[in-house]
Amino acid sequence: MGSSNDEIVFYTHPQSRGRIVRWMLEEIGQPYRVEVMGYGQSMKAPEYLAINPMGKVPAIVHRGVVVTETAAICAYLADAFPAAGLAPALDDPLRGSYLRWLFFVAGPVEAAVTARALGQEPPPEKAGFVGYGSYEATIGLLQQIAAGASPWLLGERFSAADVYVGSQILFGLTFKTLQPHPAFLAYAQRLGEREALKRAAAADDALIPAQA
């Protein structure tokens, strides 16, 4: 470390999924530089579109590489900084469960929750067209995952999967896109005690008045 190329540059907005990445950055404990983007002009400006053509946050740049997509950023950071212990090693049997739940929540859960919120769930006879099948089946499994987190998704070991999956559950409870199932509430309470989450939330909350 030490060269400017090793610096983590973090593009975010305090009221976005960037909050998840901020938490992840606090968990790995590495210094990072924050570039706060505004919705509209600065996110759609040519300078930022050169980084993320989608014109969305969060994004990071590290060692000359751009990483977007929140779950991918969490997984990347966990692997890039193994000393933090936030990802099972490639030969660790837990690696399979770790990747499974990251991708399950980034794919089926996010799609199912969004479809329900927009009133755009497919009719039962068309359920095979969507990756999540049905909202009920998807959220039912998410409840099982949360109930099995003892205390974390990989057992005693906290990981980047808890950051990402846990954030989606915390968001769902906050914005009422998930029902307050006891397993969600218990897991959320444990997550809320993470010092890195407290630091990240305070840093983002402090930016919100300036961005309003």
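1. In this predicted model, the residues lining the largest pocket divide into nine nonpolar, six polar and two charged. The space in this pocket comes to about 400 Å³, and of the 17 residues that line the largest pocket, R17, Q168, F171, F175 and T177 are the closest to its centre. Two elements, α5 (94-117) and α7 (160-174), are those that give two or more residues to this lining, and α5 gives the most, with six residues.

2. The second largest pocket has a volume of about 350 Å³, and of the 17 residues that line the second largest pocket, the closest to its centre are R17, K56, V57, E69 and T70. Helix α4 (residues 70-80) supplies the largest share of this lining, three residues, while the lining as a whole divides into eight nonpolar, five polar and four charged residues. R17 deserves a second look when the pockets are inspected together, as R17 is listed among the residues closest to the centre of the largest pocket and also among those closest to the centre of the second largest pocket.

3. The strands form an open sheet of four, in the order β2-β1-β3-β4 and with mixed pairing. Because β2 and β4 stand at the edges, each with a single partner strand, one side of each is left without a neighbour in the sheet. From one strand to the next, the twist averages 20°.

4. Where does the mixed character of the pairing come from? Strand β2 (residues 32-36) pairs with β1 in the parallel sense over five bridges, whereas strand β1 (residues 8-12) and β3 pair in the antiparallel sense over three bridges, and β3 is joined to strand β4 (residues 65-68) by four bridges, again with the strands running antiparallel. F10 has a bridge partner on either hand, V34 in β2 and I60 in β3, and T12 has V36 as its bridge partner in β2. The parallel pair is also part of a right-handed β-α-β unit, made by β1, helix α1 (residues 18-28) and β2.

5. Along strand β3 (residues 59-62), A59 and V61 point one way and I60 and H62 the other way, yet all of these residues are buried. V61 has V66 as its bridge partner in β4.

6. Some backbone values call for a careful look, since most residues other than glycine have a negative phi, and most peptide bonds are trans. In the hairpin of β3 and β4, which has two residues between the strands, R63 takes a positive phi near 55°, although R63 is not a glycine. R63 counts as partly exposed because its relative accessibility is 38%, which falls between the cut-offs of 20% and 50%. E69, in the loop between β4 and α4, is likewise not a glycine and has a positive phi of about 70°; at 52% relative accessibility, E69 counts as exposed. E69 is also one of the residues closest to the centre of the second largest pocket.

7. Two cis peptide bonds should be checked as well: one joins V57 and P58, with omega about 5°, and another joins S150 and P151, with omega about -5°. P58 is found in the loop between α3 (46-49) and β3, and P151 in the loop between α6 (135-148) and α7. V57, from the first of these bonds, is itself named among the residues closest to the centre of the second largest pocket.

Notes:
Residues are numbered from 1 along each chain as its sequence is written. This is a predicted model: local features need pLDDT of at least 70, side-chain atom pairs count only at pLDDT 80 or more; totals for chains, interfaces and linings use all residues. Side-chain values use heavy atoms; hydrogens and water are left out. Buried means under 20% relative accessible area, exposed over 50%, partly exposed in between (1.4 Å probe, protein chains only). Two strands pair if DSSP finds at least two bridges between them. On a 1 Å grid over the protein atoms alone, a cavity is a set of points where a 1.4 Å probe fits but cannot get out, and a pocket is an open set with protein on both sides within 12 Å along at least five of seven lines; lining residues have an atom within 4 Å of a point. Grid points are joined across faces, edges and corners, and a volume is the space filled by probe spheres set on the points. Ala, Val, Leu, Ile, Met, Phe, Trp, Tyr, Cys and Pro count as nonpolar, Asp, Glu, Lys and Arg as charged, and the others, Gly among them, as polar. A crossover is right-handed if, with the strands pointing away from the viewer, the path from the first strand over the helix to the second runs clockwise. Axes are lines fitted to C-alpha atoms, for helices over the stretch in contact, and angles run from 0 to 180 degrees between N-to-C directions.
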